[in-house]
Structure formats: C-alpha cells, structure tokens
Amino acid sequence: MSFLESFFSKKKEQSVLGVDFGSSSLKIVQLRKEHGQAILETYGELSLGQYGGADAGQATNLSSEQIIESLKDLLREAKVTTTSCGVSIPFARSLLTLVELPYRADPQEQKTVIELEARKYIPVPISEVQLDWFVVPAADQAQFGAEDSQEEPRKGSIEVLLVAVHNDELTMLQNVVVGAGLSASFYEIEIFSTIRAVVDDPVKPVMVIDVGAASTKVYVIEHGVVALSHAIAIGSQDITRAIAISGSISITAAEELKKKEGLGDGGAHAPEIVFSRIFSEVRRVLIQYETAHKKSITSIIFTGGGGVTKELDEYAKRLFSIDVHVADPFRKTEAPAFMRPVLEEIGPEFAVAVGLALRKLDEL
Ligand SMILES: Nc1ncnc2c1ncn2[C@@H]1O[C@H](COP(=O)(O)OP(=O)(O)OP(=O)(O)O)[C@@H](O)[C@H]1O
Ligand SMILES: [Mg+2]
C-alpha cells in the first residue's frame, strides 16, 4: 500500500455494525467514527415473531434460514450500509465462572495453568468449546484484600473469569452472519457488550439487570469485571402472558397494554406480580453477593426491552432503597438533538447492539 493510499484509507469514514440476536427480536446499531466521536448512523429492531408464528414481544426458536431472512430484512429496512460487524452471543448459550487458580510469574506458564485448570470447571469436553478468560487485575485483587481487613489476600493465587461458548453455537451464529452477507470480526457474550454500553464507573460494584423477553439476566460488575452472573427464567413475555390471562385478552392486546401502562397506576396488577417474582430472585442474588464480598452494591442499571417498562425504576427504588437507573446507551453516541427523546426511551433495548458497535469502532 502506498503512503497516499494508507493516508486516504485512514481518512475514509468507516461504518461499523453491532448485531444483537435476542430471543424475541434482532437489534442492530450502525456507528461511524468521526473526530474521535461515535456517530449514530442508523439503528433498527425487528420482531422475530412474524417469522416463526409467535406474537411480537414473545421469544421464538427460529431456524438459521429464518433468522437469515429476518436479518436481511432488518438490514434493508434500516438502510445499513456496511457489512463489517460484531455479533452477540446469548448469555444462555455461554458459561461464565469466576475461579481462583494458582499464580505463575511466567505468562506462558500462567496460560498453561489456566487452560489445564479450566477443564475442571467446563462441563463438556474442552475441545467442544471456545475458551476465553480474563485475569482479575492484580491491583484490584490487592484492593480486595486492603478493603477487607479481616481477610488476607490469598498469596500465590489469581482470580480468573473463565468464559466458554459451545462450538455449535458459534457455528450457528457464523452461518447466519455469512448467510446475511455480513462479515464479523468478533463474537461476544452479550454481557460484555452491555457493560461497555452502560456501565460508567466500573470500580464500584453495580448490578445490571437485563429484562429480556425470555429471561432476566442479572450481573454484578466490579472493578470492570463480571463478579457474578445469573439468569432468571422469567422475562417480559411472561408479563404480557399474565396480562392476557388476567384480563382475558389476546397476547397482542396485552403486549400493547403492557407498553402503555407498565407498572403505572392505571395498570393491572399482573405486571407487578410477575416483577415481584423476578425481584425476589434478584434480591437473593444481591444478598448472596453482598454477604460473600462484604460490600454493598451501589446501584442498579436496567437494560433490555423490559427495562423500558414505565415506572419500573420507581418500583425498584422502593423495593431495594438504592440508586436505580434506566440505561441510556445511545448517550455514548452522537445523534441529532431532536432524536434524543426517542433514543432515551428505546435505549435499554439496544444496549447490547450499541456495545458491540462501540467495540467494533475501536478496531478501526
Ligand atoms: N415499552 C415497553 N414496556 C414494557 N415492555 C417492553 C417495552 N418495549 C419492549 N418491551 C418488552 O421487552 C421484551 C423484548 O426485550 P429485548 O429486546 O431486550 O428482548 P430479547 O433480547 O429479544 O430477549 P432475550 O434477551 O430474553 O433473549 C419484549 O417482551 C417486549 O414486550
Ligand atoms: Mg436480549
């Protein structure tokens, strides 16, 4: 490449795409970098129900062909102009565990130790998974010890977050991405994309609650590391179902009512009953974390379509008596001022897609 070419290719504005495969809908966000800013070029969402006989807002189980078809439709509808993307892996299809392993000064030796020890924690043959890991930074581990005066930091060991994804899952995603004409440079478990998009102060322990259609994912982020992750098998689709049953109305009508009323005064009690089940499990997770780590979680951040539920933040504030925020991932992007109110409202649902696109931008 000549100097001139490389100069121009650097100057050329490059657009990137984040693609989030949710159980109820596909979400995409296209960004471009300009003067170090992430410019929002386009975004879009497509309900998968129409491709697989389910109602909007309900989880689906589509074939690869159906997902390819819907992704192509979404790319066209949203007028996406790039093929280079980063793609999410559903939390449910991954395995995350924080483990304590022997410390080795030599990085190569350390790698070997982690790879060998990881086998004990992965329930399937290691050849069937893609394994990744993150060492909790040493400074943070020292800090753990310093903060916690009763407990000496354990010498000769390190904390490692093991991350495994089954090969079949990756192959399926790769087929869909290629089938839709896209080119992905990474596949990332949705939690990591979410953190990038919504967690600002990674030092204090914060809880992120992703209220999706099929499930609610709960994460505790501390020192920028996933200290705890947990899936609750109740999601926003269950609220719709509860409204439909209690009011003897269709799923479609219940879905509409859910979005209109949320947990507000005018709403039926069905949403509150379902949310109280979700939150009793959240509380259990929260207490478990706080007890084990002897520190309190400073705030809760809601993401996911269910995080858009009206009055949810007020409800959670009353319940947990801590800071509660609804995520605003588009805040990390530049967009025309008139679009802000809309972006703020739909933001939580796009947290994963925004996080993916932000990582992809960093690759440029
Ligand atoms: N304004 C709203 N109020 C309440 N619920 C909403 C609102 N908007 C979307 N939802 C609900 O959010 C859910 C979709 O959220 P999201 O797109 O985050 O799920 P998903 O990523 O497809 O699912 P999962 O994360 O479980 O795989 C649907 O059940 C939908 O009904
Ligand atoms: Mg989701």
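**Notebook: ligand 1 and the five-stranded sheet**

I began with the surroundings of ligand 1 in this predicted model, and I counted 24 residues around the ligand, the closest being Gly22, Ser23, Gly57, Gly212 and Gly305.

I then sorted the shell around ligand 1 by residue class, which gave 16 polar residues, with four nonpolar and four charged ones besides. When I looked up which helices take part, I noted that α7, spanning 236-247, and α8, spanning 251-261, each supply at least two residues of that shell.

Next I turned to the secondary structure of the whole chain, where I found twelve helices and 13 strands. Among these strands, I traced five that form an open sheet with mixed pairing, and I wrote down their order as β11-β10-β9-β12-β13. At the edges of this sheet lie β11 (225-232) and β13 (323-326), each of which pairs on one side only. For the twist from one strand to the next, I recorded an average of 20°.

I followed one pairing of the sheet in detail: β10, made of residues 216-222, runs antiparallel to β11, and the two are joined over seven bridges. Within this pairing I looked up Val220, whose bridge partner in β11 is Leu228.

Finally I checked two totals for the chain. Of its 364 residues, 41% are buried. Taking the contacts with a separation of 6 or more, I noted that 68% of them are between residues 24 or more positions apart.

How values were computed. Residues numbered from 1 in each chain as written. Chains lettered and ligands numbered in written order. Predicted model: local features only at pLDDT ≥ 70, side-chain atom pairs only at ≥ 80, totals over all residues. Near = placed C-beta within 6 Å. Helix = DSSP H or I, 4+ residues; strand = E, 2+ residues; numbered from the N terminus. Nonpolar A, V, L, I, M, F, W, Y, C, P; charged D, E, K, R; others polar. Pairing = 2+ DSSP bridges. Axes fitted to C-alpha atoms, helices over the stretch in contact; angles between N-to-C directions. Buried ≥ 20, exposed ≤ 12 C-beta atoms within 10 Å, placed from the backbone. Contact = placed C-beta atoms within 7 Å.
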